[in-house]
Structure formats: C-alpha cells, structure tokens
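Reader: I'd like a close look at a single part of this one, please. Could you walk me through it piece by piece, with the cut-offs spelled out?

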Protein chains: 2
Amino acid sequence: MSDRKEKLTIYDISEKSGVSIATVSRVLNGYQNVNEKTRDKVLSVMNEMGYKPNAFARGLGLDTMKTIGILCADSSDAYLAKAVYYIEEALRAAQYNALLICTGYSFEDKKNALELLLERKVDAAILVGSNFVSSKASENAYIKDAAASIPVMLLNACFECDNVYSLYCNDYAAVKSAVEFLYTKGRKKILYMYNSKSYSGMKKLTGFKDALSEHGIDSFADYTVFLQGGPDDTDSFVNTLNNLCENGLSFDAVMASEDYLAIAALKYAIKKGMRIPEDLAVIGYNNSSLATIFEPELTSVDNKLKPLSEQLVNTLLGVLKGSEMPGKTEYSAELIERRTT
Amino acid sequence: MSDRKEKLTIYDISEKSGVSIATVSRVLNGYQNVNEKTRDKVLSVMNEMGYKPNAFARGLGLDTMKTIGILCADSSDAYLAKAVYYIEEALRAAQYNALLICTGYSFEDKKNALELLLERKVDAAILVGSNFVSSKASENAYIKDAAASIPVMLLNACFECDNVYSLYCNDYAAVKSAVEFLYTKGRKKILYMYNSKSYSGMKKLTGFKDALSEHGIDSFADYTVFLQGGPDDTDSFVNTLNNLCENGLSFDAVMASEDYLAIAALKYAIKKGMRIPEDLAVIGYNNSSLATIFEPELTSVDNKLKPLSEQLVNTLLGVLKGSEMPGKTEYSAELIERRTT
DNA sequence: GTGAGTTTTGTAAACGCTTACATTTTTACC
DNA sequence: GGTAAAAATGTAAGCGTTTACAAAACTCAC
C-alpha cells in the first residue's frame, strides 16, 4: 500500500498484472467470470500499488454513483434529525451514500432542492417529514416531476403518484384517539396547537375536530391555535399562549401536532405554577427525543420513526434492484403514555 | 422546456444550434470568450430542448462534482445537528453539496467514513465536533492521511497538521471561567460531569481541575463523574447520579461538558424536589437548543456555533479557490446565563 | 484593402471507467 | 487426441463532458 502521488488507473493495474483492462474492471466489479488466480493477482497488484478507482469515471460508466438524496426541511429539528440519522445509516449499510439538502419550509425551495438532486443524478430521493406534501395539490407537482426520473420516497407523508412511495402513520386516527384518551382522563376543554397546514397537518386537525364533534362540540375557534414557527420558536409559542390566556382562553389539556409545541405548552404551564398533569395534561406528537428529555416526560404519539425509516430504505433498495414500486403503506401510531397525562 | 425522454447531450445542442460542442461546453461553463449572440442562441436551444448536463461526465472532465463530505458522529445530537444544518446551508449557497456520513463514536468507524469520502472524491471534508480528535495521537492518524489528498476542516476540534484547519473555542478557558463563575455565586462543591475523553474533552477537564486547584482542591476523585453514553442516554445518567448520591456523593453545583449531561443533572434534581438554582446550580456546554427548551432554561457555555460554522465554510471556499490553508483559529466561548445559576 | 492583433470557433484527444463482442483457453467427454 | 461447450480474457467502442491547440473570423489603423 505505497502511496504514490501519480494517479493510478486501471491501465497501470492492467500492465503490472499482465491482464487486460477489461479483466481488471471485472475484478473491480466482483464479476464471477474471472479465474480465481487472475483475480488474486489483480487484487494483490491493486493493493500493492494502492489503487483506488475513480468514482466519477465509474459514475459515467455505470450511470450511478450510488447516491441517494435526502431532503429534509430542517435537519436540526429533533424529529427529522433522527429520521435522517436512521436513513443515512441504513443506506450506508447498503453501500449507498446520502446527499443531504435542508430545504426549509417553502415549497419553492423544496422544488429547487429536488431539482438539484436530479441534476446531480442521485439514484433516488427520500423526502423526510410530512411538510413535503401540501394540502394544495398544485404545490405537490414538483414531486410528480421528480418521480418521472427517479423513485421518490416519502417518509411520514402521503402523495399518491406513479413512482412515489408513501410510508406513514394514520395521523387522523392517531390524533383522534389521543384526544379521546384525554377525554377518558376526564379532561373537559382540550386545546389543539398546530403549526402546519400540510396535507398531514390537515389530517391531524380533522382528527382533532372529529373527536370533539363526538363530544358535542361543533365550533372549534376556541379550541384550536395555529402558531407560526418551528422548533426554535418555543419562546414565541409560550408568549402566544400567555396572550391568549390573558384574553380569556382557558383549557385543561393540550393536544399538540408536534412535540416542540407540546413542550411550549408545558413551559407555559410550569411558569404559571400549574401542576402537571393535574392542572394541565399535555400530549405531543412524534415521540421525539424532546419527549424524554423534558421533565416531566411528555406523553406523545409515537409514529414509529425507526422501523419506518428502515422499511423505507429497504423498500427503496428493492426498487433499485428492480422490484416494482409499491404505492403506499399506512401504519398505526401508538400513544406512549408518560408523566404529562 | 419540453421533456423529451431521450437523453440529450451536448451534441444535440451543438447540432440544433449550429455550433461545435466546444462552444456549447463553453457556454455551459460560463466562459467569457463566447460571442454574445452565440451564447444566447445556445442558451435558448438548451432551454427549449430541456437540456441538463450529465453530472458524472462533468465530474470526470472537471475532476470535481462540487461535493463536500460532512462527517458527524451523530446527526441527531442537537448540537451537531445544528452545525450540520448551518454548514449545509452555507455550502449550498456556494453551489456545493453535502455528502453526510454519521460515523458514531469509534475511531475505527471514523477512519472508514473518511476513507469512504476520499473514494467518492469529495472536494474536502468537514469533521463536525470535538470527538473527531482523540487525546491519543495514534488515533488521529486518519485525519493526516486524508489531509494528504483533500483539505480537512475541523469544527470545534483542534489537530495541527498540514492541510488541516482547526476552528474551535478555547474549551479550557471556557470551563475554567464557568467554574469560577459558580464559585463567585457561592457554590462550595462543584461536580464535573463528562462523557468524552477526546482531546477537547481532556482540555475541558483540565480547565475544571485547574479552577478547583485555585480554590485549594487537589484531589478530584470526588468531584468528577465520567459517564458512558450519548444524547439519548439521559435516563442512564440520571440513574448514575442517583446511585452516586445514595452512596454519599453530594454537591451544590454541576458543571457539565455537554448540555445533555446538564439536563440529566437537572432532571435528577427536579425529581428529588430540589430547587434550582438554590439547591443546585447547573451549567451546560454548547448552548444547544436543549438549553432553551428545558424548563428552567439552562445556563450554558456558548461556543459560537453559527458564526464558527459559517467561517469554517468561508475559509474552506477560499482554500478551494486557491487560498493558502490557514492552520487554526481559536475563539473564546461565552457564558450565557439563564435560570439554572 | 492589407496585415497584425484579437476574438471566436472548431477538431480531436483526453478523462478513467464499463461492456458488447470476438477471441483464446480450458474443460469434459468420447 | 479430437471435439464441442464452457470459461476466461482481450479489443475496441462507448459514456458525456472538458480543453489544448489550430483555424477562422473579426477588428482597426494605415
């Protein structure tokens, strides 16, 4: 393994080992139709000379560099970050690498990011998080466009389209039954906090409303708060709650569409000296690391991130090997009960 | 912008626009020595036909695909995730893309990951986090090896070596003065919690010990706790503290080498019904998002992640454009005082 | 209109691999 | 030993760009 500076090519290996470049290439690609002695010879020459194949040339020849693009609104969001982590790990185990792009939350940027992936000729794209599919159909066209060239995999979002796979939890049912759970705990006035109007965001909201309807409530204005902001905006969420309460809003339970919103509710309550869960019960969504980091630990809807991530990658690997692209798979989420209920 | 299926090449553009492929290529690369009319013609043909250059062929020709490798032990660690986010954003703004590999904490894996980046022919590697440089010199050889081929940039770690740039905070001074700060607040018995024996981990520890020495303490066994685990192991940290205290350990302040260790101390204290900061003062390190998410909000040492990330990328871009590689830059950290002190 | 200098363009050879197809070598069987 | 089939290897033509070098076209002062 000497480290010569000059660039070594397949021709150098060919010359040194006395076989043709075709054979060297075959060895390189692990083809079986190579005589064992030849293979050993070539491998040892490669090793001895410290040869590394040129990835770009291989890319050009094979028309792939074994790269998967990962799109994610914000890789520092605890939940998304975990997903990225699992996905990258699973991909790497299968000899693929991950090209990461953080898109932010605007659809214009998501579209650009996905196009960028296409230009870089990734083998497939994985879109992580429900915010990639909008409740407005027109905003989802970019997914369809990309799917015309490469497989597109959605984690925790659903968009039915050729060459797009959606793997997600039934958010509607999850929220509905979590709210039902709060009712069984004797809660009277449940507030829904949410900050996304994505397709899945709307489903959750509907789950909430339907649960309330079943308890005779039909006007929701006083039961839902839409908040602007992301994981870093806890302060602003707390302030908003403060203001609303000063203006007469009251509630004895919070259902949040994201763990970090739930945490904001908890912070608000703790600051007000409320007892948890006696005075305020809170349920988050995603069962992210925030849920167990906070004190008291947060009851949260677990949407099975790890198994879903792994299954997503497995499905993708299958597709890349030639399996047919499935359409979608829906899981059921599970409520993880902790100290806030 | 019709979307023909057949693959378009530079030859198609050449033919359709009546110029040679060389000229098409020049237009593609924005060279100035092209007649303006010709350029417009070529661009409009490209646009009309929906041509996209083949990234692999360009990679081969230009010997770069404008890709930077990012290595990070665990992209779901709140602190590292934020760094990855900033870095990816800054790179993308400069037309580079990020190949992300999560290495875990073993040096064997880090070495493999870095080699993988080399094989993929990234233009440079950015290693995010102090855990990439060991206090054992032998474990750092992999960095030197990589630096023989590409620029290596370290964020929040220091390793002096040719073609390696280190950008970091003075951890020693930061911890020392944070501990000093606790003394000025009247704390008598300060416990240091840490979980890394990296180079920077050792510096922090020394900062702690030196601060204690100045207060007449010379035996540290009873003042330091080494913990195994990462951001997801809060429970185990809390348990460990519990056990130690049952066996007689006592303290009225905690200095932690990571925010998540500080959070564990806080959880322990809250569970025990201690008042914060009256009964226990806590200082974390990194000023990650955990610090402000928790209630009460955590006093933490801010090591300037965002400006450092951006400067790191800027420095790298300079180097890639031909500037000389600087050796290292040391910043001072800053204590952000919040509710836990 | 001429010629030197400048711009613009074209030709053809890289870049370092993969792979279809042709050729040679080996194997197995009579 | 001869033969047909199977296995191993080699030759050469891609893959889609970039770019050195050569050639052509343009400019402008005289």
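Author: Sure, definitions first: two strands pair if DSSP finds at least two bridges between them, and helices (H or I, at least four residues) and strands (E, at least two) are DSSP runs, numbered from the N terminus. Bear in mind that this is a predicted model, where local features need pLDDT of at least 70, side-chain atom pairs count only at pLDDT 80 or more, and totals for chains, interfaces and linings use all residues. Residues are numbered from 1 along each chain as its sequence is written, chains are lettered from A and ligands numbered from 1 in the order in which they are written, and side-chain values use heavy atoms, with hydrogens and water left out.

The part to zoom in on is the sheet of chain B. It's an open, mixed sheet of 6 strands, running β7-β6-β8-β9-β10-β12. At its edges sit β7 (224–226) and β12 (334–336) of chain B, each pairing on one side only. From one strand to the next, the twist averages 20 degrees; axes here are lines fitted to C-alpha atoms, for helices over the stretch in contact, and angles run from 0 to 180 degrees between N-to-C directions.

Now look at β10 (residues 299–302) of chain B: it runs antiparallel to β12(B), and 3 bridges join the two. Within that pairing, Val301(B) stands opposite Leu335(B) of β12(B).

Two helices pack on the sheet, contact meaning heavy atoms within 4.5 Å. Helix α8 (residues 171–184) of chain B touches β6 (190–194), β8 (253–256), β9 (281–285), β10 and β12 of chain B, and makes about 170 degrees with the direction of β9(B). Helix α11 (residues 259–271) of chain B touches β6, β8, β9 and β10 of chain B, at about 160 degrees to β9(B).
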